[in-house]
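This note is addressed to a colleague meeting the structure for the first time. Please read the points below with the sequence and the model at hand.

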Amino acid sequence: MIFKTAKWTGLLWLALAAGFAVAQKPSAACAHCAEWNRRQKPFRIFANTYYVGSHGLTSILITSTAGHVLIDGGLPESARQIAANIQTLGFRIQDVKVILNSHVHFDHAGGIRELERRSGARVIASEWSAGVMKKGGIAPDDPQYGETRGIAPIRNVHALPDGGSFWVGDIEMTLHLTPGHTPGGTSWTWKSCQGAVCRDLVYADSLTPVSASGFRFSQARRYSRALQDFEKSFEFLETTPCDVLVTPHPEVSGLWERLQARERGETPDPMVNHDACRQLAQHGRELLRERLAQEAGQKSVSAD
Ligand SMILES: [Zn+2]
């Protein structure tokens, strides 16, 4: 693995160590977990990029002859299924060199610890996310702090700055900070080529303004940059080259409809939609507008 623009920040943790709370509500009930974790047959998205997640939570495998990249680990209980899916495709979990993450909530980062253990991979995340991963739990400036379960700490975590990239074999992955849903929300971009046809792939993080009760995105003292952060993220989606979009919750980018269309033999390839990222940004903007209107209509100002 070769780092191109990454400033390897072992120092990061020193800066963040003070701010995080320990895991809370570790066994909070999860209404969606069984459905999220439903079995899904792995399949090729495009060229060397495969879907290896459960039916409700995306995990992506990008392969090269010199090792693979895995994005997102689902729930803690998803790790076994993800590892099995990688094997079903004919790849080895031990060849996963790097594990990446969209955002540090238990439904996308919960399985990373076990996948890291099985693969020996290095985990790479945004600075904020890396801090949470090392400590475990959920950070106090996370909008869902207090009402969602935390993650178990992950050991082999390294931070990469916004715009930083690295190589595994001939795969070049680039980190884009797309915060809002969490302060460390991260989208990843890479190119995959099938013969002479190369596509820009985008794994775009969740951009939904979801929070614990009492938290307001419009006046969040714990996360005062929330609205600027959302704006930065929408602008990224509106401008980044985007042929194939995948999202941590697969239905958000219509993955199953696209797969069905492909299986019906539709052409051109329904996985490809050059407007998908812009459409996702537009949808995100609408959700945030609705949320802010709702907050403006609430009379009492609560502490966040
Ligand atoms: Zn989340």
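In which sense do strands β9 and β10 pair, and over how many bridges? The points below begin with this pair and then turn to the sheet, the helices and the chain as a whole.

1. The model is a predicted one. Strand β9 covers residues 165-168, and strand β10 covers residues 171-177. The two strands pair in the antiparallel sense, and 4 bridges join them. Within this pairing, Trp-167 has Glu-172 of β10 as its bridge partner.

2. The two faces of β9 are unlike in their surroundings: Phe-166 and Val-168 make up the covered face, whereas Ser-165 and Trp-167 make up the uncovered one. Such a pattern may be read with a general rule in mind. In a regular strand, side chains alternate between the two faces of the sheet. Trp-167, which is paired with Glu-172 in β10, thus belongs to the uncovered face of β9.

3. The turn of this hairpin also deserves a look. Between β9 and β10 there are 2 residues, and Gly-169 adopts a positive phi near 55° in the hairpin.

4. How many strands form the open sheet, and in what order? There are 7 strands, and the order is β2-β3-β4-β5-β6-β7-β8, with mixed pairing. The edges are taken by β2 (43-46) and β8 (157-159); each has a single partner strand, so one side of each has no neighbour in the sheet. On average, neighbouring strands of this sheet are turned by 30° against each other, with direction ignored.

5. Part of the sheet can be followed strand by strand. Strand β6 (residues 96-100) pairs with strand β7 (residues 122-125) in the parallel sense, over 3 bridges. In this pair, Val-98 stands opposite Arg-122 of β7, and Ile-99 stands opposite Val-123 of β7. On going further, β7 and β8 also pair in the parallel sense over 3 bridges. There, Ala-125 faces Ala-159 in β8.

6. Which residues of helix α3 are buried? In this helix, which spans residues 79-88, they are Ala-79, Gln-81, Ile-82, Ala-83, Asn-85 and Ile-86. These buried residues pack against β4 (60-62) and α5 (112-119). A general point helps in reading the list. An α-helix has 3.6 residues a turn, so residues three or four places apart point the same way. Just after α3, Gly-90 takes a positive phi of about 95°.

7. The packing of α3 on α5 can be described in some detail. Their axes come within 9 Å and cross at roughly 45°; the two helices are therefore oblique to each other. The crossing of α3 past α5 is right-handed. On the α3 side the contact involves Ala-79, Ile-82 and Ala-83, and these meet Glu-114, Leu-115 and Arg-118 of α5. By class, this contact has 4 nonpolar and 2 charged residues, and no polar ones.

8. A second helix pair is formed by α7 (residues 226-239) and α9, whose axes lie 7 Å apart at an angle of about 155°. Why are these two helices called roughly antiparallel? Angles over 145 degrees count as roughly antiparallel, and α7 and α9 are therefore placed in that class. The crossing of α7 past α9 is left-handed. From α7, the residues Phe-230, Phe-234, Leu-237 and Glu-238 meet Cys-277, Arg-278, Leu-280, Ala-281, Gly-284, Arg-285 and Leu-288 of α9. The residues of this contact divide into 7 nonpolar, 1 polar and 3 charged.

9. Is Ala-293 buried or exposed? This residue lies in α9, which spans residues 276-297. Ala-293 has 10 C-beta neighbours inside 10 Å and therefore counts as exposed. Its C-alpha atom is separated by 9.7 Å from that of Ser-218, although the two residues are 75 residues apart along the chain.

10. Finally, some totals place these details in context. The secondary structure of the protein chain comes to 9 helices and 13 strands. The protein chain has 304 residues, of which 48% count as buried. Among contacts in the protein chain with a separation of 6 or more, 69% are between residues 24 or more positions apart.

Definitions and conventions
Residues numbered from 1 in each chain as written. Predicted model: local features only at pLDDT ≥ 70, side-chain atom pairs only at ≥ 80, totals over all residues. Buried ≥ 20, exposed ≤ 12 C-beta atoms within 10 Å, placed from the backbone. Pairing = 2+ DSSP bridges. Axes fitted to C-alpha atoms, helices over the stretch in contact; angles between N-to-C directions. Contact = placed C-beta atoms within 7 Å. Parallel < 35°, antiparallel > 145°, perpendicular 65-115°, else oblique. Left-handed = near helix turned anticlockwise from the far one by under 90°. Nonpolar A, V, L, I, M, F, W, Y, C, P; charged D, E, K, R; others polar.
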